[in-house]
Amino acid sequence: MTTTTKPATPVAAPSTRRLGPASLALRQGRLEIRQFLRSRESVVFTLGFPIIMVLIFASIFSDEIAPGVSYTQYFITGMIATGLLTVSFQNLGIWIPIERDRGVLKRYRGTPMPKWVWFAGKVIMVLVTGMVMTALLLAVSVTLFDLNLPATGTAWLTFGWVSALGITACTLCGIAISSLARTARSGSAVVTPVALVLQFISGVFFVFTNLPTWMQQVAALFPLKWMCQGLRAVFLPESFGAQEPGGSFELARVALVLGAWCVIGLVLCLTTFRWTTRRDG
Amino acid sequence: MSDEVAIRVRGLRKAYGDNVAVAGVDLDVHRGEVFALLGPNGAGKTTTVEILEGYRRRDSGEVLVLGTDPELVFGSRQRNRQARPAPHVVADWRSRVGIVLQGTGEFDELTVAEVVHHFAGFYPAADDPDKVIARVGLTGKAGARTHTLSGGQKRRLDVALGIIGRPELLFLDEPTTGFDPEARREFWELIRDLSAAGTTIVLTTHYLDEAETLADRVGVIAGGRVIEVGTPDSLGNRREALATVTWRTPDGLPESAQSATPTALVTELAARFGGEVPGLTVTRPTLEDIYLRMIGHR
């Protein structure tokens, strides 16, 4: 092999501007959404599951659980909360291990992309799918099952912050729990039982106050119960608050618990997040 | 920092538990050269390269890559907390280093063009994505989802993502594994082009012919140590090695002799046969012979 003389540095590159933080995040979000929409299973499963559940349950049970409150209304609020849990916690907890196992995360780490951009892309994807899913659920429920949309600005505001805080907490916890899965396949094994158990004990399928007290107490430690309760404050009559375990919808406590889970989730993300698999250092 | 040195490694050590993967590596890679790291599986090639790329932390030793300690990318988890770098320092360093990993990171549902265009957005002086796609020979597959690519085509995509940022230094970890001979030759052309444009290239490979064709210098790594560094034709005293002369005797039997002066031997044989020597060959040990001897004698 001959040692030819080579220029010391690469030929000067054309002056290109580095993308700003906002456009980096938006590009990443667009890419994530595109990937999500193209994997048909995840679209059907994530967006379709809550709607199918509403169609089934609301068609089977039509009793009133309190004066002026049907089981259907109660169940739909629970399914909105479940939907938010699915698009954030379950979706991320299942997909991040797959991407990590495939080496997609490792590849991103080898680029100058600031790390937060990748998280921002996931958050944008979760928020968009969460909004689409909620809108679909509301459309189905209003047309088929006589759900009333919030009538007052205050109710819409509550709807907004409960959903935002809930989806944030679940997103952070989803990213955090993704580090528990050792391989691509185990993500769903880790996340699905957690999500399913939470749905059963948090008042999604059953009226919360009918559950055993100890179960209520366990559920009260986790976000889903408080998301359901906050959404009931939006969609059920004010009077129903008296039926809640605390004697009211306890919106302040909803905010407090969900806020606390945001902090816990963030700390777990920052301390445990892995860009590579365990066997990969 | 010297402008002539792209990579400087002194006393690099890394162990996983009791298993010492890198046991004191010293290495210098000059700017503009193609440096090949050869070694058997488990010799510590990938660990060494991944430390240089900022993917793994070292246990001890000194490492400078383009004048910067790659450990800076670990930010707050860095050993020396005072040295925590500003984010743009990490990004600057990352944008000057191109990486082609051993395993591929697949973006199943995206097309080749989408992935390359997306990654171009991360670099301040990215190359034209369509030009890069053409350069790695994927133009015909630009609109294909990446999961439909063959193994060799995926590898080309990896290379495209490694060079999209116009790196000063390009790491290639076993880049041509799974290539057919034609694809390998095209890839070699690409590496020569990059090298001619001034890119410093560090590649690990199992293929001796690849190292011999591409590399200005070769480092042989075995048992976590660099056992020799040299130009491909001087490695293991190859230049001084005895030549093997083979021919056929008048009875048609093969005969061979090792000689430091093969020309004299051939002249003598020519005289003996009175002209053409039947079945004459003169060979020096191939790089592969030298290499196998080097790693075998450990």
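**Exercise 1. Decide whether β3(B) is enclosed or open to the surroundings, working from this predicted model.**

Step 1. Take the burial count. In β3(B), 5 of the 5 residues are buried.

Step 2. Draw the conclusion. The strand is therefore largely enclosed by the rest of the structure.

Step 3. Check each face. Val34(B), Ala36(B) and Leu38(B) lie on one side, and they are buried. Phe35(B) and Leu37(B) lie on the other, and they are buried too. Both faces are thus covered.

Step 4. Recall the general pattern behind the two sets. Side chains in a regular strand alternate between the two faces of the sheet.

**Exercise 2. Find the strands that pair with β3(B), and state the sense of each pairing.**

Step 1. Look toward β7(B). It is joined to β3(B) by 5 bridges, and the two strands run parallel. Within this pair, Val34(B) stands opposite Ile201(B).

Step 2. Look toward strand β8, residues 217-222 of chain B. It pairs with β3(B) over 4 bridges, in the parallel sense. Here Leu38(B) has Val220(B) as its bridge partner.

**Exercise 3. Lay out the sheet that contains β3(B), and name its edge strands.**

Step 1. Write the order. Six strands of chain B line up as β5-β6-β7-β3-β8-β9. The sheet is open, and its pairing is mixed.

Step 2. Pick out the edges. They are β5 (97-100) and β9 (225-230) of chain B, each pairing on one side only.

Step 3. Note the twist. On average, neighbouring strands are turned by 15° against each other, direction ignored.

Step 4. Add the helix. Helix α6 of chain B, residues 181-196, packs on this sheet. It touches β3 (34-38), β6 and β7 of chain B. Its direction makes about 150° with that of β7(B).

Step 5. Follow one more pairing. Strand β6 (residues 169-173) and strand β7 (residues 200-205) of chain B run parallel, joined by 5 bridges. Leu170(B) stands opposite Ile201(B) in β7(B).

**Exercise 4. Describe the surroundings of Ile201(B).**

Step 1. Place the residue. Ile201(B) sits in strand β7 of chain B.

Step 2. Judge its burial. It has 25 C-beta neighbours inside 10 Å, and the cut-off for buried is 20 or more, so Ile201(B) counts as buried.

Step 3. List contacts beyond four places in sequence. Val34(B) and Phe35(B) are among them. So are Leu170(B), Leu172(B), Ile191(B), Leu194(B) and Ser195(B).

Step 4. Take one distance. Leu214(B) is 13 residues from Ile201(B) along the chain, and their C-alpha atoms are separated by 9.8 Å.

**Exercise 5. Two residues of chain B have a positive phi without being glycine. Compare Leu66(B) and Glu174(B).**

Step 1. Read the angles. Phi is about 50° at Leu66(B) and about 45° at Glu174(B).

Step 2. Find the loops. Leu66(B) lies between β4 (60-65) and α2 (87-96) of chain B. Glu174(B) lies between β6 and α6 of chain B.

Step 3. Judge burial. Leu66(B) has 18 other C-beta atoms within 10 Å and is partly exposed. Glu174(B) has 20 C-beta neighbours inside 10 Å and counts as buried.

**Exercise 6. Trace the largest nonpolar core.**

Step 1. Give its extent. The core has 132 residues.

Step 2. Name residues with the most contacts inside it. They include Ala81(A), Ala36(B), Val116(B) and Ile201(B).

Step 3. Find the main contributor. Helix α3 of chain A, residues 71-102, gives the most, with 14 residues.

Step 4. Examine Ala81(A). Leaving aside neighbours within four places in sequence, it contacts Gly166(A), Val204(A) and Leu224(A). Met227(A), Cys228(A) and Leu231(A) complete that list.

**Exercise 7. Summarise chain A and its annotated spans.**

Step 1. Count the elements. Chain A has 10 helices and 2 strands. Their pattern along the sequence is α-α-β-β-α-α-α-α-α-α-α-α.

Step 2. Give the extent. Along its principal axes, the C-alpha trace spans about 90 × 35 × 35 Å.

Step 3. Add burial. Of the 281 residues in chain A, 41% count as buried.

Step 4. Read the record. An unreviewed UniProt entry annotates "transmembrane region" over several spans of chain A, including 43-62 and 189-208.

Step 5. Check these two spans in the model. Residues 43-62 of chain A are 90% helix and 0% strand, with end C-alpha atoms 29 Å apart. Residues 189-208 of chain A are 65% helix and 0% strand, with end C-alpha atoms 26 Å apart.

How values were computed:
Residues numbered from 1 in each chain as written. Chains lettered and ligands numbered in written order. Predicted model: local features only at pLDDT ≥ 70, side-chain atom pairs only at ≥ 80, totals over all residues. Pairing = 2+ DSSP bridges. Axes fitted to C-alpha atoms, helices over the stretch in contact; angles between N-to-C directions. Contact = placed C-beta atoms within 7 Å. UniProt positions renumbered as here; feature names shortened; annotations may be inferred. Buried ≥ 20, exposed ≤ 12 C-beta atoms within 10 Å, placed from the backbone. Core = buried A, V, L, I, M, F, W, Y, C linked by C-beta atoms within 7 Å.
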